[in-house]
Amino acid sequence: MKTCDKSLPGLIEIYDKDNLKTFVSLYFDGKDEHFIQHREKVIQHILKYDELKNFLKTINEIKTYLKKNKGSNHAIFASDKNNFFKAITFPVNVKNSLVVDVSPYIHQIAELADEWQVYTLVLLNSNHAKIFSFSCGELNTEKDLSADIMNKHKKGGMSQARFQRLRKGNIHTFLTEIVEALQKIARDNILLAGPGETKKHFRDMLPIMLQKGVIAEVNVDMDDEYGLFNETHEIMKEKGKQEHQRLLELIRIEILKNGLAVYGLKNTLTAVKNGQVEALLVEKDVKQKGWICERCQLIEEGILSICPACGKKTSEVDIVEEIVKIAERTDAIVEFSQDDNLKKIGPVVGLLRFK
Ligand SMILES: [Zn+2]
């Protein structure tokens with residue numbers, strides 16, 4: 001499944017080389033400013049020395065940014081010490097959270113990316129077409145085409161039959177133009193929308209590969225783009241859900257025959273570290289305490305303050321988040337699900353590339 005991953009690569013690689021909690025990750029709905037004040041106060045009481053100094057500078061940079069960019073949903077990852085600042089705006093609501101850690105907290109953004117499959121939408125009638133592409137939570141108009149098609153009612157002179165033939169020919173030429181444009185933009189995850197029968201004619205004209213890529217047809221007026229986007233979003237969400245179920249079913253079959261699957265935190269962690277995981281399914285909103293030694297790149301479940309390998313101080317981490325990060329680094333597909341079956345064998349399961 002193709003997902004939005006524009007913002008992830010830069011975030012999964014970085015961490016504080018001195019093992020200090022200097023990365024501030026803020027997910028903010030743009031409304032509840034009280035939330036930031038409250039978290040800021042609590043965190044100030046806990047951090048000390050360089051970590052505190054860095055936090056105060058970083059949170060000020062973030063607040064300055066928010067003042068200039070009011071009202072939207074944001075994810076901001078920043079560290080004054082590491083000279084790092086990345087802000088992403090979302091069209092959907094994010095859950096407020098403010099985390100200070102050795103590296104950016106990417107869990108929520110990975111979840112959102114999973115929900116946002118890339119898709120292409122063609123809105124058309126017989127004389128107007130718009131092709132939109134949706135990726136990373138953003139909708140872009142790729143093409144806006146219109147044709148000078150003769151009005152349905154003939155004007156004097158021409159016979160009715162001749163008029164109809166010409167009109168049909170014009171529409172056909174126009175639809176061919178749209179097919180050509182679409183071929184350059186998309187191969188799969190295509191949605192067709194618009195009033196009446198034109199989208200059906202259009203579908204029939206598509207090359208067979210593109211026909212297979214059409215996942216739905218939506219009946220909608222040309223000017224109801226808002227309603228259309230809501231509906232397509234729901235269609236894609238449902239499609240994602242079905243894909244999660246299929247993936248989970250595949251993993252269960254593999255587990256039963258002791259084949260190419262892994263489940264549970266410990267085994268999944270080992271498998272992602274070995275680059276074995278092809279697809280990872282993660283239970284939504286789950287966290288699990290663990291520790292990391294950034295020096296040895298040793299990660300384990302549970303609580304341990306001194307690394308058994310090198311004797312240095314470890315950092316506390318969320319093991320689920322670490323598994324997601326490593327999986328993203330090894331190009332695994334990462335998906336999030338609330339499936340009850342996953343709760344029983346999870347919170348993480350993976351389909352393996354090899355054993
Ligand atoms: Zn170590």
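In the predicted model, strand β11 (residues 277–283) pairs with strand β16 (residues 348–352) in the antiparallel sense over five bridges, where strands are DSSP runs (E) of at least two residues, numbered from the N terminus, and pairing requires at least two DSSP bridges between two strands. Within this pairing, Leu281 has Val349 of β16 as its bridge partner. Both strands belong to an open sheet of four strands in the order β10-β16-β11-β15, with mixed pairing. The edges are formed by β10 (261–263) and β15 (333–337), each of which has a single partner strand, so that one side of each is left without a neighbour in the sheet.

A zinc ion is bound by the protein donors Cys293 (SG), Cys296 (SG), Cys307 (SG) and Cys310 (SG), at 2.2 to 2.4 Å; donors are N, O and S atoms within 2.8 Å of the metal (3.2 Å for Na, K and Ca), with water not among the atoms, so sites may look incomplete. The donor residues follow the spacing C-x2-C-x10-C-x2-C. Of these, Cys296 lies in the loop between β12 (289–293) and β13 (298–301), and Cys310, 14 residues apart from it, in the loop between β13 and β14 (315–318). Cys296 is partly exposed at 31% relative accessibility, and Cys310 is likewise partly exposed at 28%, the class between buried (under 20%) and exposed (over 50%), computed with a 1.4 Å probe on protein chains only.

Residues are numbered from 1 along each chain as its sequence is written. Local features need pLDDT of at least 70 and side-chain atom pairs count only at pLDDT 80 or more, whereas totals for chains, interfaces and linings use all residues, and side-chain values use heavy atoms, with hydrogens and water left out.
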